[in-house]
Amino acid sequence: MRRLFGAVVMALAVCLVPAFADTYPSRPITVIVPFAAGGPSDAMMRILAEHMRQTLGQPVLVENVTGAGGSIGVGRAVRSRPDGYTVSFGHLGTHVANGAVYRLGYDLVADLEPVVLLPSNPMIIVSKTSVPAKSLSEFIAWLKAQPNPASAGTAGNGSGSHIAGLYFEQVTGIKLQYVPYRGTGPAMNDLVGGQIDLIVDQTSNAINQVRAGMIRAYAVTDARRLATAPEIPTTDEAGLAGFHMTLWSGLWLPKGTATEIVETLNAAAVAALNDADVQNQLKNLGLQMPGPDQRAPEVLGTLQRAEIAKWWPMIRAAGVVPE
Ligand code: MLT
């Protein structure tokens, strides 16, 4: 009898162990978006989170932790437990440029585990509607004719919109006065209101205001026009040949997170990216999906390291200091 009981207990233990090991996630997951609600990072993550929730069977909560060009929020995620329940959303600004601007207290490569590359989009040069320019060349002439540097909204030093502004200054010779916000959502509100002159923004953040005639678009920083807004010229066509910048986003976990957890989160994000409704929402904002061969975690890690090598020299040469 005792032997039979032991065999039953063993059988049950063998059956339960794999199930227990597969319980991630067993509670809500928090994704830290390091910029204010209503901006492009926040918008993308909330679209993805809704679908990921269905795949993971747990709420995927978006928490906006802002400040210092996004580095406050990334730092919070880096220092969280490597258990898969705190995820870092970021992009070219937060997971590349920040490292050339701030003494971060963490290493953008060594302290983070890449999970998945998310959609990308070119930047778009937009101004308030009261600017009397109808083309990029007229806009640049207007900028140069101003008695003081025009005010350019950003999401803080080292943010994507800030790096894009620096690049715009470099290729045109103009000088800008940067106005930092907690994200380009709030910056866009002030651009629509005419309180600032321009933003070199993520297309996904500006395209609906352009369509509504609330701001003016001059060009997108790409060699190809946007499929969703073919009326907007490229920088190549508008006289700034080669002024290209793609802002890509991604998800990371703290270093040391178990591979199975990275893979589970990656699979849920990929399922969202493959969903037709999610794709329609994101493509309508001018976002491009990563290709089928760009979905593995190491693709994001390889890209991040290459972009650090590409952008850090320019950022450092510009003498960017923490805000
Ligand atoms: C940036 O400019 O870095 C981001 O687009 C800001 C944001 O997502 O709000």
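Begin at the interface of domain 1 and domain 2, where the rule finds zero salt bridges (a salt bridge being a side-chain nitrogen of Lys or Arg within 4 Å of a carboxyl oxygen of Asp or Glu). The model is predicted, so local features need pLDDT of at least 70 and side-chain atom pairs count only at pLDDT 80 or more, whereas totals for chains, interfaces and linings use all residues. Residues are numbered from 1 along each chain as its sequence is written, and side-chain values use heavy atoms, with hydrogens and water left out.

Next, select 27–120 together with 247–317 as domain 1, and 122–220 as domain 2; these bounds come from an automatic or database domain assignment. Their C-alpha centres lie 25 Å apart.

Now display the residues in contact (heavy atoms within 4.5 Å): 27 belong to domain 1 and 23 to domain 2. About 1,900 Å² is buried between the two domains, and carbon and sulfur atoms give 62% of that area. Buried area is the accessible area (1.4 Å probe) that two parts lose on being put together, summed over both. Highlight Pro 40, Leu 247 and Leu 285: they supply 30% of the area that domain 1 buries against domain 2, more than any other three residues.

Finally, select helix 2 (40–56), helix 4 (93–101) and helix 11 (297–317), each of which supplies at least two residues of the side of domain 1 that touches domain 2. Helices are DSSP runs (H or I, at least four residues), numbered from the N terminus. Helix 4 gives the largest share of that side, five residues.
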